[in-house]
Structure formats: structure tokens, C-alpha cells
Amino acid sequence: MEQAAPAPAPLTVITTHANADFDAIGSMLAAHKLYPGSLVIFPEFNEKTAKNFFVSAMAYLFNMVHINEIDMSAIRRLIVVDTRQAHRIGEMAAIIDNPDVEIHIYDHHPATKNDIRADRLVTSPTGANVTLLTEMIKDRNIPVTPEEATIMCLGIYEDTGSFTFSSTTERDFTAAAFLVSKGADLSTISSLITKEMDPRQISLLNDMINGAVSHHINGLEVTVACVSCDDYIHDFAFLVQKMMRIESLTALFGIALMKNKIYVSARSQSPEIDVGVIVSELGGGGHKYAAAATIRGKTLAQAETELLAILPRHIKAKNLAESIMSSPAISTEPDTSCKSANELLTRYNVNALLVVDTRGSKNQLLGFISRQVIEKALYHGLTAVPVREYMSSEFAIVGPQANLDEIQRKIIDNKQRVLPVVSGDNIIGVITRTDLLNLLVQESDAQKQQRTIEKQATAHPRTRDITAFMKERLSKQILKLLRHIGEVADQRGVSAYVVGGFVRDLFLYRHNEDIDIVIEGDGIGFAKQFSGLYNARVNSYEKFGTAVIIFPDNFKPEGFKIDVASARMEYYHSPAALPTVEMSSIKMDLLRRDFTINTLAVALNKSAFGSLIDFFSAQRDIKEKVIRILHNLSFVEDPTRVFRAIRFEQRFGFTIGKLTSGLIENAVKMDFFKNLAGCRVFSELRHILEEENPTPYLVRLNDYKLLKRIDPSFVLNRKLIFHFNAAKKVISWFDLLFTGEPCIRWRVYFLVLLRHQDKKSAESVCRRLELAPKHKKFFVKDRLLAEERLNRLHQNLPTAFSHIYRELKDLKIELILYIMAITTHTQLIKHISYYVTDLRHMKLSVSGKDIQALGIDPSPVYGKILSAVMDAKLNGEVVTRNQELELLKNHVEKL
């Protein structure tokens with residue numbers, strides 16, 4: 001009887017998509033290492049550079065076979081890398097429906113409707129697919145040779161555009177770093193990545209550029225370039241990327257008819273244009289920023305028509321009215337006088353007012369009136385005339401979903417200075433001509449550099465997702481806290497943002513857990529509800545719509561608190577006055593802040609968590625290390641901002657911008673500081689003196705002639721600088737002792753500032769700066785006493801340690817450090833430092849009970865005897881308790 005043929009050995013096969021690029025090749029090699037004994041099969045491909053490299057140099061690294069050399073029925077496990085679409089894996093697609101074949105897929109592209117079913121799917125939106133497999137190799141400690149590392153690293157470099165494509169992630173950098181550590185040859189990678197175009201490619205690229213057509217779809221510009229040629233020209237995707245860079249395009253769809261096939265290659269730099277989703281409808285695939293498709297059986301015109309029909313369905317609308325508008329809309333009643341209307345324009349720094357009748361059940365929009373009309377009315381003496389007499393009553397409006405084309409058409413066609421945004425019967429905001437102009441200017445890189453801070457103030461905000469960055473920079477506790485804030489905001493139907501210095505310091509890599517939250521709505525109500533999650537206390541301030549959430553002691557760090565504010569805007573009745581506050585939006589809230597670098601906000605609601613909002617180019621100024629104000633009257637309204645400008649400049653190593661510097665000089669010249677309350681000036685000075693090294697701050701204050709504005713008696717000279725530097729050294733020395741004893745550093749520096757001031761002059765300074773009585777006593781009476789003690793020590797040198805102890809024992813530590821800073825006598829400094837480290841902590845082992853045991857009744861003599869023993873101990877004459885007792889007896893015997 002004839003024996004049956006043995007069953008073929010089960011096979012594991014690895015494959016990828018047709019026209020395999022370096023990322024696909026690197027992914028197959030990585031999969032080959034993860035699945036030892038597997039076979040590698042390439043489908044057809046035309047990319048000559050990749051093929052030549054693979055065949056001539058690195059083929060020995062793969063256990064490669066041709067598809068015709070294997071028994072397809074023996075395949076029991078199929079590994080697919082860098083794709084999950086059946087039509088892209090050639091003949092291997094024939095086995096994907098076989099239930100006996102286990103399919104593993106490793107792919108960084110987004111899912112589509114017709115994906116291959118997978119028994120195991122590993123996917124993540126990395127810039128390169130080989131990154132996913134490299135991470136697994138690293139986690140499993142699988143050895144990698146330099147040649148293997150080079151191939152895999154080459155895939156990362158190609159698919160991330162050498163880390164320049166928008167799709168590049170932190171994980172791609174980490175994976176590449178790992179491969180470089182394993183010996184990846186960067187010179188080989190560079191020579192292969194740097195592609196030189198042949199004459200046919202140059203001709204094709206020229207045809208693409210000349211034949212490109214721009215389409216404006218939902219406010220975004222999309223370029224389509226259609227070309228045809230008789231022969232196949234390799235690296236079409238490379239030519240599309242090349243054109244993107246040359247022409248600085250937002251999105252490009254290249255469509256090329258070569259022989260009898262149409263090739264589509266797409267690139268995008270905008271998150272609103274997901275080319276992977278768009279191209280998938282053409283039968284291709286890819287990710288958000290890069291995609292490709294091959295089309296058969298259609299003409300070039302049909303392919304283009306189909307693409308143009310798909311685009312509007314998938315391109316997210318950008319620059320809708322609700323995202324551009326300023327809110328709330330500033331309005332006035334029709335009976336408001338022209339004079340009062342002018343005051344409103346100045347108060348809110350706007351150029352037009354809506355005229356709204358609020359007397360009925362619904363607010364009725366009647367028209368608008370511009371600053372130009374108001375100023376002409378005032379010029380002609382029409383101050384008391386109501387605005388309804390001169391308002392523009394014929395006007396256009398838009399809804400919140402209106403796109404840029406509609407907004408532009410209505411503002412220009414109707415010659416409107418302000419375009420109301422209306423939802424139902426509610427006026428939800430306005431778009432000004434300046435808003436529109438800034439948005440259009442923003443499209444041009446060349447003009448963008450010339451924009452002024454005033455234009456930026458109303459420009460469309462720059463946003464990006466920084467969730468991953470927040471996870472890297474923040475503790476899990478703080479991140480959890482911010483998510484809880486967003487959840488409570490969602491429950492209350494309000495928007496929540498973390499703003500200001502906390503966000504700024506994220507990008508400066510500085511530790512800062514002073515959290516400021518802005519709520520578009522009732523901030524106090526939010527704070528009360530949120531506090532219940534952590535059993536925290538709330539202190540609220542109704543006038544300003546603010547609250548402080550104080551966490552319980554079991555929350556670390558101890559004493560942790562969060563400041564919560566309702567989004568608000570401020571206006572000033574006069575220079576240096578405190579602001580009047582009204583409710584507003586996040587945009588208007590950020591506009592009231594001091595400097596652009598402090599205007600960053602991060603959304604915390606669940607749907608937008610981690611979205612960075614930048615209305616005023618704060619990221620640019622942080623990158624350029626420049627301090628800029630938000631508007632030209634900033635220092636007029638609040639002169640204390642001058643001190644903060646200097647503080648931020650010195651603390652961060654920034655430079656005050658040219659315009660801002662000129663406005664500081666103007667504020668000093670106009671003496672806007674004269675109306676500032678002394679306590680506000682002192683508060684700013686104290687912040688400066690709390691810095692690590694306030695000397696440069698003091699020099700900068702003097703550069704702007706501000707030191708004398710604090711007090712005319714303050715004069716910066718070399719002696720003062722010397723003592724300030726000495727104070728810094730002394731404070732640093734004390735900090736390094738790690739005694740745990742608090743030292744209020746600003747007190748030491750302020751004492752140095754008052755050096756050489758007599759009682760009358762020092763009291764005058766304290767009155768001017770409105771210091772509290774306890775501070776006044778410390779800086780006048782206590783300081784003069786400390787200086788007197790220092791003079792006595794100088795006069796009695798060399799002196800005993802007991803003398804040092806008696807002179808210093810009742811002085812606070814700040815006074816002791818102060819006299820150390822102002823004396824130049826080295827021996828005395830050593831004695832005082834010895835007092836700080838040792839003498840002041842010395843205690844006697846004996847007490848009054850020991851004197852009583854010697855038969856002496858309690859009396860004032862006890863104090864004299866113990867004082868004499870203490871002096872001996874301080875001077876090193878006695879050390880042990882027995883020696884103290886012996887000396888005690890000697891003094892008693894002399895009575």
C-alpha cells in the first residue's frame with residue numbers, strides 16, 4: 001500500500017505592501033527578528049532605489065523567498081507590516097480568508113472599512129511603522145547588528161522626512177536613538193535618503209508645478225496637480241513631497257497617469273486635512289499627513305473629478321465665525337449719548353459698538369456705530385445726541401458656522417467695520433475688519449513677521465495638542481487634578497482653562513505648581529462644586545468673581561491651593577488705578593494680562609483636553625526670549641507692570657522688546673508711578689528681592705531710573721552692589737547649612753537697601769511704601785540696634801566668643817545675616833558664622849537646681865552664676881557637666 005505524502009511543515013510568512021519603501025523593508029526585517037524562522041516575501045514593487053539597495057547590499061539579512069517557491073497551503077501564520085489592506089499585498093491576499101491562517105498585523109496607518117481581519121493587531125499613530133517593531137525588539141532585549149539597525153533606522157528617517165514631517169512623534173526619535181546606539185550607520189542613511197532627481201523626474205516635477213490648481217474648501221487651501229507620462233517614473237511620492245516644500249503648500253494631491261495606471265500621492269501639513277481618510281476612498285491608504293493609492297480602469301480626468309467630490313466631505317471647516325469672533329459683543333442702548341458711547345469705545349478699546357434695544361422680551365439688534373462716526377459727532381458738538389441718530393441700520397450678520405469666504409464677502413461687500421455673529425435670537429460675538437485682516441495676513445509667512453502686537457491681539461488663536469508634553473512634564477497627581485477640573489466643568493456646562501505662569505513655565509522647563517484656572521462662566525460656583533471632590537475649603541471674592549481652593553493637609557505638597565477666576569475683562573478709570581472688572585470670555589480674559597508670554601492657556605474640558613491656545617504669539621516670544629506688552633497703554637493703566645517686565649526679563653534671561661522698552665521709558669518720563677499706592681510698589685519690590693540674585697534686577701531698575709521712583713533716597717553705587725552680592729553669598733551659605741530654620745531673604749536685601757539711612761530717613765521710606773508696623777519696627781529700630789551691636793564688636797576686636805554671643809543672641813537671623821553682609825572684617829565674619837552654626841545652640845548641663853543643692857536659696861544671684869558658667873562654656877573653658885559643676889561650686893564659694 002502506497003504511503004501518503006507527508007504534510008508540509010507549517011510556515012510563518014512576512015509580507016508588506018507593493019512598492020515597498022524603506023519603512024516597509026525595515027519593518028519586515030524587524031518582524032523577521034521577532035518571528036525567528038519566518039520567510040520574507042516581497043510583493044511587486046517599482047521603487048528602484050529601495051530595490052537596488054535591498055538586492056545589492058542587505059539581502060543576506062533576510063530569509064527571503066519568491067512567492068512561487070512556497071506551498072501556500074503550508075502557511076499557518078501571515079505577518080503583514082506597514083499596511084492592513086488586502087489589495088496592497090498582491091498574491092498573498094489569496095490566503096487572508098483561510099480560517100487556518102493566523103494573521104498578525106503591525107501598522108501605523110489609521111483603520112479603514114475594508115481592513116484585513118487580524119488575530120493580532122499592533123497599531124499606533126507613529127511617524128514610521130518600523131518604530132512599533134523596534135520598540136518590541138528593545139523591550140525583549142533581542143540582539144541587533146549594526147547592519148540591521150541601519151536598515152530599520154533608514155525606515156524611520158524616510159517615513160518621518162528625517163524627523164521633519166508633521167506625523168513625527170517622540171517615539172520615532174526614541175526608536176532611532178536606540179538603533180543608533182546599536183550601530184546604525186548615519187552616513188549610509190544620509191546617502192540613501194538624499195535623493196538626486198534624474199532628468200525625467202525633473203521634467204515631471206516641472207509639469208506638476210505648472211499644472212497645479214488651488215481649491216479653497218471650507219476655508220482651507222488644497223492643491224491638486226495632475227500629470228501624465230508614457231513610462232513609469234519612480235519615486236512619485238518623493239516628487240510630491242519635494243513640491244510641497246518648494247511651493248510651501250498646506251496640502252497637495254499629486255495624480256499621475258503612468259502607462260495604464262493612475263498613481264495618487266498626497267501630503268498634508270494641516271490637521272484639518274486628513275489625507276489618509278481621503279485617499280482611502282480612492283482605494284488607497286496612509287495616515288493623516290501622507291497617503292497613496294493606485295487606481296486602475298479610470299482616466300486622469302475621472303480620478304481628479306472623484307477626488308474633488310471627496311474633498312468637501314472630509315476636510316474639516318477651519319476659521320468658522322465662532323472660532324474667529326470676539327466675545328462678548330460690546331454693545332450699547334440706542335438712547336446712549338455719543339459722549340457716553342465714546343467712553344465705552346475707549347474703555348473696551350474697540351472701534352465699533354453694536355446698538356441693541358434691550359427693553360423688550362428679546363434683545364433686538366438695531367445696528368452699529370463706529371468710532372469714526374462718534375468722533376465726528378463729538379467734533380461737531382453733538383455730545384448729547386443719542387447714537388440711534390447716527391448708527392448704521394443696514395447691516396449683514398452671520399451664524400456661528402459661517403466660513404471664511406462668507407465672512408470676507410459680507411464684511412467687504414457691505415463695507416462693515418463690525419460683523420455681528422448671531423445664533424437664533426442671541427448675539428454671541430462680533431468679527432471686526434481687523435480680525436479678518438489679521439486672519440488673511442496670517443496666511444502669508446512674509447507678512448506674518450511684520451504683524452504688530454495690536455493685530456495679534458485679535459488674531460485667530462494658534463492651537464495644538466500638548467497632552468503628551470503635559471504627561472512628560474507634570475506629576476501624575478497634577479495631571480489627574482487638571483482632568484478632574486475638566487470633568488467638573490463639563491458637568492456645569494462651562495469651559496475651563498489652566499492659564500498664565502503655570503503654562504508658560506511648562507515651556508520654559510521650570511517647576512511651577514501655582515495653578516490658575518479660568519472658567520468661562522461662574523468661577524465661584526465651579527470652585528464650590530469642585531472643592532467637594534477633595535474635601536477642600538473655598539475662599540471667594542464676589543467683587544472680582546474669583547475664589548481660592550485650599551486643599552486639606554493630606555494633599556501634597558502641604559498648603560496646596562488653586563486660584564479660580566471667572567473669565568473677565570478689566571478697564572481703568574485713570575492711570576495707576578485698580579481695575580474695574582466685568583465678565584468675559586477666555587480671549588478677553590487673556591487680553592487683560594501683562595505680557596504675551598503670560599497669555600497661554602490650555603483647555604481642560606474632556607473634548608479638548610490638552611489643547612494649547614495662543615492668541616498673542618506667546619510661543620514665538622518664549623522661543624525668541626522677548627518680553628512684550630499686549631497693548632501700548634499697558635504701563636499707563638498699570639505702572640507696576642514695569643517692575644514685572646524687569647523681573648521676568650532677569651529671571652528667564654529674556655530681553656525686553658524695543659517697543660516695550662520705549663514705553664517703560666515713557667511711563668517713567670510721564671511719572672505714572674506717582675499715583676501708585678506705596679503698598680503696591682513695595683509688593684513689586686519685595687518680589688524682586690525674593691529672587692535668587694536680585695542684584696541684576698536692581699541694576700536694571702536703575703537703568704530705567706526706577707530705583708528713585710521707589711524712593712528718592714535709593715542710590716545705586718558700587719558699594720551697594722558689593723553689599724548686595726555679599727548678602728547673596730551669606731544667604732546661600734545659610735541655606736547650605738540645612739538647619740530648617742526659615743530665613744526671609746527679601747528682608748536681608750531690604751536691610752541692605754536701607755544701609756546708612758538714619759531713623760528719620762528710614763521711617764520716611766517705610767511710610768512711603770506703606771509698610772506694616774511690625775515691618776517698620778524691624779527695618780528701623782531693630783536694624784539700628786543690629787548696626788550698633790556690629791559697631792561694638794568692631795571696636796572690641798579681638799573679642800571672646802561669650803561677647804559675640806551676648807551681642808547677637810536676641811537678634812533675628814535676618815539681622816545677623818545682614819551684619820555679616822555689611823562688615824568687611826574677615827575675622828568678625830568668621831566669629832559671627834561660628835555663632836550661627838554653634839554658639840547660639842549651646843546649652844548648659846547645670847541649672848538652678850544644682851545651685852540650690854549647694855545650699856543657696858533662690859535669688860538673682862542664680863542668674864549671675866549661670867551666666868558666668870555659660871561664658872566659660874562659650875569660650876571653651878569648660879566642656880563636660882563635671883567641669884560646669886566644679887566652676888559652679890567655685891562661684892558659690894566666693895559668695
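## Reading the labels in a predicted model

Q: Why is Val-748 called buried?
A: Val-748 has a relative accessible area of 0%. Buried means under 20%, exposed over 50%, and partly exposed in between (1.4 Å probe, protein chains only). The value of 0% is under 20%, so Val-748 counts as buried.

Q: What kind of model is this, and how are residues numbered?
A: The model is predicted: local features need pLDDT of at least 70, side-chain atom pairs count only at pLDDT 80 or more, and totals for chains, interfaces and linings use all residues. Numbering starts from 1 along each chain as its sequence is written, and side-chain values use heavy atoms, with hydrogens and water left out.

Q: Where is Val-748 found, and which residues does Val-748 touch?
A: Val-748 lies in helix α31 (residues 745–753). Helices are DSSP runs of H or I with at least four residues; strands are runs of E with at least two; both are numbered from the N terminus. Not counting residues up to four places away in sequence, Val-748 touches Ala-727, Ile-731, Cys-743, Glu-814, Leu-817 and Tyr-818. Contact here means heavy atoms within 4.5 Å.

Q: What makes a set of residues a nonpolar core?
A: Its members are buried Ala, Val, Leu, Ile, Met, Phe, Trp, Tyr and Cys residues, joined through side-chain atoms within 4.5 Å. The largest such core has 121 residues. Leu-482, Ile-515, Phe-530, Ile-562 and Phe-750 touch the most other members. Helix α35 (residues 813–822) gives the most to this core, with nine residues. A second, separate core of 39 residues includes Met-136, Ile-151, Met-152 and Ile-189.

Q: Why is the pair Tyr-157 and Phe-163 called edge-to-face?
A: Rings of Phe, Tyr and Trp (its six-membered ring) pair if their centres lie within 6.5 Å. Planes under 30 degrees apart count as stacked, over 60 as edge-to-face, and the rest as tilted. For Tyr-157 and Phe-163 the centres are 4.9 Å apart and the planes stand at 75 degrees. The first value is within 6.5 Å and the second is over 60 degrees, so the pair is edge-to-face.

Q: How do you know that Tyr-157 and Phe-163 count as buried?
A: Tyr-157 has 19% relative accessibility, and Phe-163 has 18%. Both values are under 20%, so both residues pass as buried.

Q: What makes the pair Phe-530 and Tyr-534 tilted?
A: The centres are 5.5 Å apart, with 40 degrees between the planes. That angle is neither under 30 nor over 60 degrees, so the pair falls among the rest: tilted. Both residues lie in helix α21 (residues 523–534), four residues apart, about one turn of the helix. Both are buried. Both also belong to one aromatic cluster with Phe-526, Phe-551, Phe-555 and Phe-560.

Q: What makes the length of α8 close to the expected one?
A: The expected span is 1.5 Å times one less than the number of residues. Helix α8 (residues 236–247) has 12 residues, and the expected span is 16 Å. The helix reaches 17 Å from its first C-alpha to its last. Its buried residues include Phe-236, Leu-239 and Met-243. They pack against α7 (199–211), β7 (220–229), β8 (251–258) and β9 (261–268).

Q: How do you know that β1 and β3 pair?
A: Two strands pair if DSSP finds at least two bridges between them. Strand β1 (residues 11–15) and strand β3 (residues 75–81) have five bridges, in the parallel sense. Five meets the cut-off, so the two strands pair. Val-13 stands opposite Leu-78 in β3.

Q: Why do β2 and β5 stand at the edges of their sheet?
A: Five strands form an open sheet in the order β2-β1-β3-β4-β5. β2 (39–40) and β5 (120–123) each have a single partner strand, so one side of each is left without a neighbour in the sheet.

Q: Which strands pair with β11, and in what sense?
A: β9 and strand β11 (residues 290–296) pair in the antiparallel sense over seven bridges. Strand β10 (residues 285–286) and β11 are also antiparallel, over two bridges. Two is enough for the cut-off of at least two, so β10 and β11 pair. They form a hairpin with three residues between them.
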